[in-house]
Amino acid sequence: MRADARRNYDRLVAVASAVVAEQGAEASLEEIARRAGVGSATLHRHFPGRYALLDAVFQDRVDALCAKAADLLDDPSPGEALVTWLHAVVAHASANRGLAPFLIKGASAHTKIVAAGEKLLARARQDGTVQPDIDIVELLTLVNAVSLAAEHLHGQADRLLRLVVDGIRRQGG
């Protein structure tokens, strides 16, 4: 990438991060381009669609979330490791306005999060901590719902997540 193109890319990601923090993931792409001092065509040359831009905006945050999952793979309690990570997912989604619905879309961030969570879930299944038929996409969808609800029910994210976690635990486990 040429130096000026790289600067435009970096400026668009930085401005998009700020605008998404203010307005959410549905922020106007034209507003982002305007604030970055580039034309709409430049924005679309770098990011063919909204989800490509959001992918770039959330990349570092998603990478940190996946690194946390990797760190938890060594935890001696697979079930608790999964729950700890699910709390981190809710915290990330709640702190990063607009991330919760983005987590269930077809972006690469979604693929990374699913892969990271699947490893933790597989360990918890193998350990017998969670029901054997729990699917990571279903679980992340529930966690996403908790994050969305928590935006309107301040202070309820932990309680709602605890209800989800209680529902996935293996009976007697």
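**Salt bridges and a helix pair**

At 23% relative accessibility, Arg50 sits in the partly exposed class. In this predicted model, the Arg50 side chain forms a salt bridge with Glu26, and the closest N and O atoms of the two are 4.0 Å apart. Arg50 belongs to helix α4 (residues 50-72), while Glu26 is found in the loop between α1 (3-23) and α2 (29-36), so the bridge ties together parts of the chain that are 24 residues apart in sequence. The loop partner, Glu26, has a relative accessibility of 59% and therefore counts as exposed, the cut-off for that class being over 50%.

The Arg50 pair belongs to a bigger tally: searching the whole structure turns up ten salt bridges. Another one of them links Arg35 to Glu31, with 2.7 Å between the closest N and O atoms. Here both residues are in helix α2, four residues apart, or about one turn of the helix. As for accessibility, Arg35 is partly exposed at 35%. Glu31 comes out at 19% and so counts as buried, since buried means under 20%.

Asp166 and Arg169 make a further salt bridge through their side chains, at 4.0 Å from N to O. Asp166 has a relative accessible area of 45%, which puts this residue in the partly exposed class, and Arg169, at 24%, is partly exposed as well. Elsewhere, salt bridges with shared partners join Glu22, Glu31, Arg34 and Arg35 into one network. Two members of that network, Glu31 and Arg35, are the pair from helix α2 described above.

Now to the helix packing. Helix α8 (residues 136-152) and helix α9 (residues 157-168) have axes that come within 9 Å and cross at roughly 160°. With that angle, α8 runs roughly antiparallel to α9, because anything over 145 degrees falls in that class. As for handedness, the α8 and α9 crossing is right-handed. On the α8 side, the contact is made by Leu139, Leu142, Val143, Val146, Ala149 and Ala150, and on the α9 side by Ala157, Leu160, Leu161, Val164 and Ile168. Sorted by type, the residues of this contact are eleven nonpolar, no polar and no charged. Put simply, charged side chains have no part in the contact of α8 with α9, whereas the links between Arg50 and Glu26, Arg35 and Glu31, and Asp166 and Arg169 are salt bridges.

Conventions:
Residues are numbered from 1 along each chain as its sequence is written. This is a predicted model: local features need pLDDT of at least 70, side-chain atom pairs count only at pLDDT 80 or more; totals for chains, interfaces and linings use all residues. Side-chain values use heavy atoms; hydrogens and water are left out. Axes are lines fitted to C-alpha atoms, for helices over the stretch in contact, and angles run from 0 to 180 degrees between N-to-C directions. Angles under 35 degrees count as roughly parallel, over 145 as roughly antiparallel, 65 to 115 as roughly perpendicular and the rest as oblique. A crossing is left-handed if the near helix is turned anticlockwise from the far one by less than a right angle, and right-handed if clockwise. Contact means heavy atoms within 4.5 Å. Ala, Val, Leu, Ile, Met, Phe, Trp, Tyr, Cys and Pro count as nonpolar, Asp, Glu, Lys and Arg as charged, and the others, Gly among them, as polar. Buried means under 20% relative accessible area, exposed over 50%, partly exposed in between (1.4 Å probe, protein chains only).
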